[in-house]
Amino acid sequence: MDWYPLYNSLRIAAISTVVIFFAGLAAAYYIARLPRLVKGLLDVVLTLPLVLPPTVAGYLLLRLLGPNRPLGAWVLAQFDLKLVMHWWSAIFATVVVAFPLMYRTARGAFESFDGTLSAAGKTLGLSNTYIFWRIRLPACRQGVLAGTVLAFARALGEYGATSMIAGYTPGRTATISTTVYQLWRTGDDAPAMRWVLMNVAISAVVLLAVNILERKNRGRWSR
């Protein structure tokens, strides 16, 4: 059995989750403090991939990153590098598609944060960076953790945008989702089902680990 789709899916999801984690935290933190009108406009822009069909998001990425398109052509001319049809091209797709899950969840957590805790920290001379990482983020940890897990799970199972921007090449760009589709298309139902069950098992393990971690955190903070 070729294990490349598993390895490729996990590394794409892991890298995407790291990018989404920091980008989502930054966007959620700063946008939550903006005026309502500006926040509403940015919300529409940043959460649009959540409601768009993944193939539409993939098409728009191709329009931007393709070798004959603005950004893709510039990168190709400057660095002789195509941004599409590589294994790492899928990272662009998974970041765009999964980012809204992290952003919306983290923003909701930050908006429910008790601002008096931050004000108290400032009266003690604590920096904004310290307050964010040591006070605000621990207080909002459950929402942030939920957003991170949702983003990882979404990135792991992403198909539509990934298939358009990275394609399917066995041993090079294949992921679990694209492999399942290709196996189903060729009538190989048994191996397709094995990959489906593996994806379900990985997602279940991730969610179980998060639940255990949340219980440990609640027990620690309740002492």
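I looked up the side chain of Glu 158 in this predicted model, and I noted a polar contact of 2.6 Å with the side chain of Thr 162. I also found that the Glu 158 side chain reaches the backbone nitrogen of Ala 161 at 3.2 Å. I placed Glu 158 in the loop that lies between helix H8 (141-157) and helix H9 (160-165). I recorded Glu 158 as buried because its relative accessibility is 3%, with the cut-off for buried set at under 20%. Setting aside neighbours within four places in sequence, I listed Pro 54, Thr 94, Val 97 and Ser 177 as residues in contact with Glu 158.

I then turned to the nonpolar interior. I found that the largest nonpolar core has 35 residues, and that Ile 20, Leu 25, Met 102, Phe 110, Val 144 and Ile 165 have the most contacts inside it. I noted that two or more residues of this core come from each of H1, helix H3 (54-65), helix H5 (89-111), helix H7 (128-139), H8 and H9, and that H5 gives the most, with twelve residues. I checked Val 144 and saw that, not counting residues up to four places away in sequence, it touches Phe 21, Leu 25, Met 102 and Leu 137. I also recorded a second, separate core of twelve residues, with Phe 152, Leu 183, Ala 192 and Met 198 among them.

Last, I looked at the surface, where Leu 34, Leu 37, Val 38, Leu 41 and Leu 42 form a nonpolar patch with about 440 Å² of accessible area together. I located Leu 34 in the loop between helix H1 (4-31) and helix H2 (36-51), and I entered Leu 34 as partly exposed because its relative accessibility is 34%.

Methods
Residues numbered from 1 in each chain as written. Predicted model: local features only at pLDDT ≥ 70, side-chain atom pairs only at ≥ 80, totals over all residues. Heavy atoms only, no water. Helix = DSSP H or I, 4+ residues; strand = E, 2+ residues; numbered from the N terminus. Buried < 20%, exposed > 50% of the residue type's maximum accessible area, 1.4 Å probe, protein only. Polar contact = N/O pair within 3.5 Å; in protein donor to acceptor, adjacent residues only side chain to side chain. Contact = heavy atoms within 4.5 Å. Patch = residues over 30% accessible without salt bridge, like charges linked within 9 Å, V, L, I, M, F, W, Y side chains within 5 Å. Areas by Shrake-Rupley, 256 points an atom, 1.4 Å probe, with all protein chains shown as cover. Salt bridge = Lys/Arg side-chain N within 4 Å of Asp/Glu carboxyl O. Core = buried A, V, L, I, M, F, W, Y, C linked by side-chain atoms within 4.5 Å.
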